[in-house]
Amino acid sequence: MKYIFGAFQYVFKNFLFLFGFALIPSYFLTLTVNFDTVSKVFDSFFQLKTDLDFLTIFQFLSPNVSSRWPFGVICFATTLIFLPLLFGFIEKHMRIGSRSLKGLAARFNYNFLATFSILLICAVLYELWALITAGLLFAESVILGGIVCYVVAVITFLGMLALMSYLFSLLLMWLPCKLITGYNAMDALSYGNNLGTGRGGKLFLSLFLPVLAGLALQVLAIWLGETVRFSFIGFAAMEIVFLIMILYSASLMFVAYFDATGEERMDKKKIF
């Protein structure tokens, strides 16, 4: 819980300085969501039905494979613009205590290639995860039936969610190690894994628990939008969830890095 609390504390304490970096990427990420597909999956889930086909499940897990894929491309492009700036801001703030926007353009040039490489790897890993998870869930719906299928599918989904969180936890400190130390990609990955030794459980939970909470909030957002029959509410709530999760993930990387290295965080020092 230490990393979760630390990352959320940083996000909300500095929210006015941070949210602008995630506003546009979170907007286009929300546009990738096909709310009709999401509603169909949720309806089947809560009514204990097992009538979903593979494509519907895959589109639910990865909206980028649906007709809304152009928004996914735009989301990736805007993320490549804003994330290097966000990383530069957080690093500078934690390292020297300054929340000034001065010098972020230079950090963008330095951070861009590393951000692009790691973001692309994470995107590919997620798509593979979505494909495998959709295949498993569909196979279970074909082989099993009734409440047994429902229970096994829920366990499978949570297990795959845990697997994804574990894989990403192994990469969590890769980017800070690369940006702060200047190591090449493989050395930074090795250094990040060394820093994570003995902290694997903390890093895993710092991703898994917020992902579960984010998923629950998305369900609530969809339910709320359908209940009041005003889709904008569901859309706005979903974007807020995505925005906070983007900021949380970026902050978590550096919170974990500074804790693991023992380096003093200057953003915590009081300046009189």
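Let's start just after helix H5, where glycine 97 takes a positive phi of about 85°. Keep in mind that this is a predicted model, so every value here is computed from predicted atoms.

Step back from glycine 97 into the helix before it. H5 covers residues 69-96, 28 residues in all. From the first C-alpha to the last, H5 reaches 40 Å, close to the 40 Å expected at 1.5 Å a residue. Even so, H5 has a bend of about 30° at leucine 80. Look a little further along and you'll find a proline, proline 84, which follows within four residues.

H5 also takes us to the inside of the protein. The largest nonpolar core has 43 residues, and the ones that touch the most other members are Leu86, Phe87, Ile90, Met173 and Phe254. Quite a few helices give two or more residues to this core, among them H1 (2-13), H2 (15-31), H5 and H6. Further along the chain, H8 (174-181), H9 (185-196), H10 (200-227) and H11 (231-261) do so too. H11 provides the largest share, with 13 residues.

Now for the charged pairs. The whole structure has 5 salt bridges. Take lysine 2 and aspartate 259, whose side chains meet at 2.7 Å, N to O. Because lysine 2 sits in H1 and aspartate 259 in H11, this pair ties together parts that are 257 residues apart in sequence. Aspartate 259 is partly exposed, at a relative accessible area of 25%. There's a third player here as well: Lys2, Arg199 and Asp259 are linked in a network of salt bridges.

Back on H5, glutamate 91 makes a salt bridge with arginine 107, again at 2.7 Å, N to O. Glutamate 91 belongs to H5 and arginine 107 to H6, so this pair ties together parts that are 16 residues apart in sequence. How buried or exposed are the two partners? Glutamate 91 has a relative accessible area of 3%, so it counts as buried. Arginine 107, at 21% relative accessibility, counts as partly exposed.

One more pair is worth finding: aspartate 267 and arginine 265, whose side chains meet in a salt bridge at 2.7 Å, N to O. Aspartate 267 counts as buried because its relative accessibility is 13%. Arginine 265, at 12%, counts as buried too.

Arginine 107 has already brought us to H6, so let's stay there for a moment. Isoleucine 121 is in H6, and its 34% relative accessibility makes it partly exposed. If you'd like a sense of distance, the C-alpha atoms of isoleucine 121 and glutamine 9 are separated by 28 Å, with these positions 112 residues apart along the chain counted as their separation.

Finally, turn to the surface. Which residues make the nonpolar surface patch of about 660 Å²? They are Val142, Ile143, Leu144, Ile147, Val148, Val151 and Ile155. The elements that give two or more residues to the patch are H6 (104-143) and H7 (146-170). H7 gives the most, with 4 residues. Isoleucine 147 is in H7, and at 51% relative accessibility isoleucine 147 counts as exposed.

Note on methods
Residues are numbered from 1 along each chain as its sequence is written. This is a predicted model: local features need pLDDT of at least 70, side-chain atom pairs count only at pLDDT 80 or more; totals for chains, interfaces and linings use all residues. Side-chain values use heavy atoms; hydrogens and water are left out. Patches are made of residues with over 30% relative accessible area and no salt bridge: like charges are joined within 9 Å, nonpolar side chains (Val, Leu, Ile, Met, Phe, Trp, Tyr) within 5 Å. Accessible areas come from the Shrake-Rupley method with a 1.4 Å probe; for residues, only the protein chains shown count as cover. A salt bridge is a side-chain nitrogen of Lys or Arg within 4 Å of a carboxyl oxygen of Asp or Glu. Buried means under 20% relative accessible area, exposed over 50%, partly exposed in between (1.4 Å probe, protein chains only). The expected span of a helix is 1.5 Å times one less than its number of residues. The bend at a residue is the angle between axes fitted to the seven residues ending there and the seven starting there. A nonpolar core is a set of buried Ala, Val, Leu, Ile, Met, Phe, Trp, Tyr and Cys residues joined through side-chain atoms within 4.5 Å.
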